[in-house]
Amino acid sequence: MRDENCIFCKIANGDIPTYQLYENEDFRVIFDAAPATRGHALILPKNHYADIFEADEVTVAKAFALAKQMAEVMRNVLGCDGINIIQNNGREAGQTVFHLHVHLIPRYEGQEKILTWKQHEHSKRDMEELVRQIAEEMNK
Ligand code: 5GP
Ligand code: ZN
């Protein structure tokens, strides 16, 4: 399950050399080529899934279990004060490489905030409608 044209397939499967932090049967963890902060790493599945919608639940669960393990080790080694775990799906969500990946972005006291968004009001009517639709779909 690889895509010949996918750079992360090549990196995840060792066809392109990279700084590797960890590897197991299903994943390779590497440094991001253009880090947001010191130690910014990416968890790449060895199989190709464009995004979370294409991936199976077991792979996603394993990826997040690994994110927890990596976060613990990175906090110890890097001495960071926090870690953002980010996973973008779709161009509109900021995804630029269409091979599922999880960002581990260490955060250090005193550095600028890099994840901010404007906060908006949510109408009561819309919330009630969405609760009805989503809860109904989840409980099917
Ligand atoms: P996205 O925006 O898709 O969530 O994140 C893609 C990330 O992959 C970016 O942070 C970018 O710097 C990183 N990236 C893109 N190409 C390469 C590459 O060839 N090697 C590595 N190590 N990182 C890459
Ligand atoms: Zn791929």
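**Figure 1. Polar contacts of ligand 1 in the predicted model.** A polar side-chain atom of N88 sits 2.9 Å from an oxygen atom of ligand 1. The model shown here and in the other views is predicted. H101 also reaches ligand 1: one of its polar side-chain atoms is 2.8 Å from a ligand oxygen atom. F31 contributes through its backbone, where a polar atom lies 2.9 Å from a nitrogen atom of ligand 1.

**Figure 2. Surroundings of ligand 1.** The ligand is surrounded by 16 residues. The closest are F31, D32, T96, H101 and H103. F31 has the backbone contact to a nitrogen atom of the ligand. H101 has the side-chain contact to an oxygen atom. H103 belongs to strand β5 and is buried.

**Figure 3. Zinc site, ligand 2.** Four residues coordinate the zinc ion: C6 and C9 through SG, H48 and H99 through ND1. The coordination distances run from 2.0 to 2.3 Å. The arrangement is tetrahedral because the angles subtended by the four donor atoms span 103 to 116 degrees. For this class, all angles must lie between 85 and 135 degrees. Along the sequence, the donor residues follow the spacing C-x2-C-x38-H-x50-H. C6 lies in the segment before α1 (7-12), and H99 in the loop between β4 (82-86) and β5 (102-107), so this pair ties together parts that are 93 residues apart in sequence. Both C6 and H99 are buried.

**Figure 4. Strand β5 and its two covered faces.** Six of the six residues of β5 are buried. On one side are V102, L104 and P106. On the other side are H103, I105 and R107. Both faces of the strand are covered.

**Figure 5. Strand partners of β5.** Strand β3 (residues 41-45) pairs with β5 in the antiparallel sense, over three bridges. Here L42 stands opposite H103. β4 also runs antiparallel to β5, and five bridges join the two. In β4's pairing with β5, attention falls on H103 again: I86 stands opposite this residue. H103 is also listed among the closest residues to ligand 1.

**Figure 6. A65 in helix α2.** A65 is found in helix α2, which covers residues 57-78. The residue is partly exposed, with a relative accessible area of 43%. C80 follows 15 residues along the chain from A65. The C-alpha atoms of A65 and C80 are separated by 20 Å.

**Figure 7. The annotated region and the chain as a whole.** An unreviewed UniProt entry lists residues 7-114 as "domain: HIT". Over residues 7-114, the chain is 26% helix and 23% strand. The end C-alpha atoms of that stretch are 26 Å apart. The chain has three helices and five strands. From the N terminus on, the order of elements is α-β-β-β-α-β-β-α. The C-alpha atoms of the chain fill a box of roughly 50 × 40 × 25 Å along the principal axes. Of the 140 residues in the chain, 34% are buried.

Note on methods. Residues numbered from 1 in each chain as written. Chains lettered and ligands numbered in written order. Predicted model: local features only at pLDDT ≥ 70, side-chain atom pairs only at ≥ 80, totals over all residues. Heavy atoms only, no water. Donors = N, O, S within 2.8 Å, 3.2 Å for Na, K, Ca; no water. Tetrahedral: all angles 85-135°; square planar, octahedral: opposite > 155°, others 65-115°. Helix = DSSP H or I, 4+ residues; strand = E, 2+ residues; numbered from the N terminus. Buried < 20%, exposed > 50% of the residue type's maximum accessible area, 1.4 Å probe, protein only. UniProt positions renumbered as here; feature names shortened; annotations may be inferred. Pairing = 2+ DSSP bridges. Near = heavy atom within 4 Å. Polar contact = N/O pair within 3.5 Å; in protein donor to acceptor, adjacent residues only side chain to side chain.
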